[in-house]
Amino acid sequence: MYPPIHQCHNGHTLCSTCKTRVQNRCPTCRQELGDIRCLALEKVAESLELPCKYYNLGCPEIFPYYSKLKHEAICNFRPYNCPYAGSECSVVGDIPFLVAHLRDDHKVDMHIGCTFNHRYVKSNPREVENATWMLTVFHCFGQYFCLHFEAFQLGMAPVYMAFLRFMGDEAEARNYSYSLEVGGNGRKLIWEGTPRSVRDSHRKVRDSHDGLIIQRNMALFFSGGDRKELKLRVTGRIWKEQQSPETGVCIPNLCS
């Protein structure tokens, strides 16, 4: 039992999680539960060193109770949320599990390689203010990356946004860089950045504007034709930053 620990008038104890399940009745003697705390047991619990609750996922750490809670909130072994943006998916798990989940349950496009060339089409772009296109997952450098593309309102302006997320923690994501490019009619826009970790939700990344943002009128200009249909081609690549042992400077390791 973890604090707060409660007890009935007869001294039977139970944790706060169980207290909410028993309709305020002691499960041992059926007496009504008040708000009596068992401070002695709470002191014992606080003095114990306990394993992280993600020990079965590989975390070896052991902490006193309150330090354990703080650690678990940021533990690198804690499960990841499903990165699929087309619906509010509640599935959590490690990266191999989520890759299989994205492939089998969400039917996302899976690609091998560090370069990409995607075409996003919408027949009535001026009638759609918010839209999310199918997620694409890339496997390169032994890692997985998620490419997002969607339409939304930025203030009063309708825009499209493309960005990349890394399926892993933020510290590891900083080892990689990516570029996105759109263009047409002799013009082009290029974005370069670091992929965000899937620890950051899709909405958080989108709302921070950390990606390639194209105003709708420019996207339709790039699409060519009568500018009534979106036909936007997004190309890009992913590379790994390597630190030179001589200079300590990061140099790009491009995927062949």
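Here are some exercises on this predicted model, each with a worked solution.

**Exercise 1. Confidence**

Find out which part of the protein chain has the lowest confidence and which has the highest.

*Solution.*
- Step 1: Start with the whole chain. Its mean pLDDT is 87, and 93% of its residues reach 70 or more.
- Step 2: Now go element by element. Strand E18 (residues 250–254) has the lowest confidence, with a mean of 53.
- Step 3: At the other end of the scale is E15, where confidence is highest, at 96.

**Exercise 2. Overall form**

Decide whether the protein chain is spread out or compact when set against the globule rule.

*Solution.*
- Step 1: Take stock of the elements: the chain has seven helices and 18 strands.
- Step 2: Compare two numbers. The radius of gyration is 25 Å, while the globule rule gives 18 Å for 256 residues.
- Step 3: The value for this chain is well over the rule, so the chain is more spread out than a compact globule.
- Step 4: For a picture of the extent, look along the principal axes: the C-alpha atoms fill a box of roughly 80 × 55 × 35 Å.
- Step 5: Finally, ask how much is hidden from the surface. Buried residues account for 40% of the 256 residues.

**Exercise 3. The largest pocket**

Describe the largest pocket: its volume, then the residues closest to its centre.

*Solution.*
- Step 1: The volume is about 350 Å³.
- Step 2: There are 17 lining residues, and Tyr 84, Glu 88, Ser 201, His 202 and Arg 203 are the closest to the centre.
- Step 3: Ask which element gives the largest share of the lining. That is helix H6 (residues 202–207), with three residues.
- Step 4: Sort the lining by character: six residues are nonpolar, five are polar and six are charged.

**Exercise 4. The largest cavity**

Work out how many cavities of 30 Å³ or more the structure has, and then what lines the largest of them.

*Solution.*
- Step 1: A search of the whole structure turns up two such cavities.
- Step 2: The largest cavity holds about 50 Å³ of space.
- Step 3: Its lining has 11 residues, and those nearest the centre are Ala 85, Thr 132, Trp 133, Leu 135 and His 148.
- Step 4: Strand E11 (residues 143–154) contributes the most to this lining, namely four residues.
- Step 5: By character, the lining of the largest cavity has six nonpolar residues, four polar and one charged.

**Exercise 5. Salt bridges**

The structure holds 13 salt bridges. Look at some of them, and say where the partners sit and whether they are buried.

*Solution.*
- Step 1: Begin inside a helix. Lys 68 and Glu 72 form a salt bridge, with N and O 2.5 Å apart. Both residues belong to helix H3 (residues 65–74), and they are four residues apart, about one turn of the helix. Lys 68 and Glu 72 are both buried.
- Step 2: Next, take a pair from two loops. Arg 199 and Asp 169 form a salt bridge whose closest N and O atoms are 2.7 Å apart. Arg 199 is in the loop between strand E15 (196–197) and H6, and Asp 169 is in the loop between strand E12 (157–166) and helix H5 (170–173), so this pair ties together parts that are 30 residues apart in sequence.
- Step 3: Check the surroundings of that pair, using 20% as the limit below which a residue is buried. Asp 169, at 15% relative accessibility, is buried, whereas Arg 199, at 22%, is partly exposed.
- Step 4: Turn to Arg 206 and Asp 207, whose closest N and O atoms are 3.3 Å apart in their salt bridge. Arg 206 is buried, at 12% relative accessible area, while Asp 207 is partly exposed, at 43%.
- Step 5: Finish with a network of salt bridges, which links Arg 196, Asp 200, Lys 204 and Asp 210.

**Exercise 6. Positive phi**

Say where Asn 24 and Asn 185 lie, and what their phi angles are.

*Solution.*
- Step 1: Asn 24 is in the loop between helix H1 (16–19) and helix H2 (39–47). Its phi is positive, near 65°, although the residue is not glycine.
- Step 2: Asn 185 is in the loop between strand E13 (176–184) and strand E14 (187–193). Asn 185 also has a positive phi, about 55°.
- Step 3: For accessibility, Asn 24 is partly exposed at 27%, and Asn 185 is partly exposed at 47%.

Definitions and conventions
Residues are numbered from 1 along each chain as its sequence is written. This is a predicted model: local features need pLDDT of at least 70, side-chain atom pairs count only at pLDDT 80 or more; totals for chains, interfaces and linings use all residues. Side-chain values use heavy atoms; hydrogens and water are left out. On a 1 Å grid over the protein atoms alone, a cavity is a set of points where a 1.4 Å probe fits but cannot get out, and a pocket is an open set with protein on both sides within 12 Å along at least five of seven lines; lining residues have an atom within 4 Å of a point. Grid points are joined across faces, edges and corners, and a volume is the space filled by probe spheres set on the points. Ala, Val, Leu, Ile, Met, Phe, Trp, Tyr, Cys and Pro count as nonpolar, Asp, Glu, Lys and Arg as charged, and the others, Gly among them, as polar. A salt bridge is a side-chain nitrogen of Lys or Arg within 4 Å of a carboxyl oxygen of Asp or Glu. Buried means under 20% relative accessible area, exposed over 50%, partly exposed in between (1.4 Å probe, protein chains only). pLDDT is the predictor's confidence in each residue, from 0 to 100. The radius of gyration is taken over C-alpha atoms; the globule rule is 2.2 Å times the number of residues to the power 0.38.
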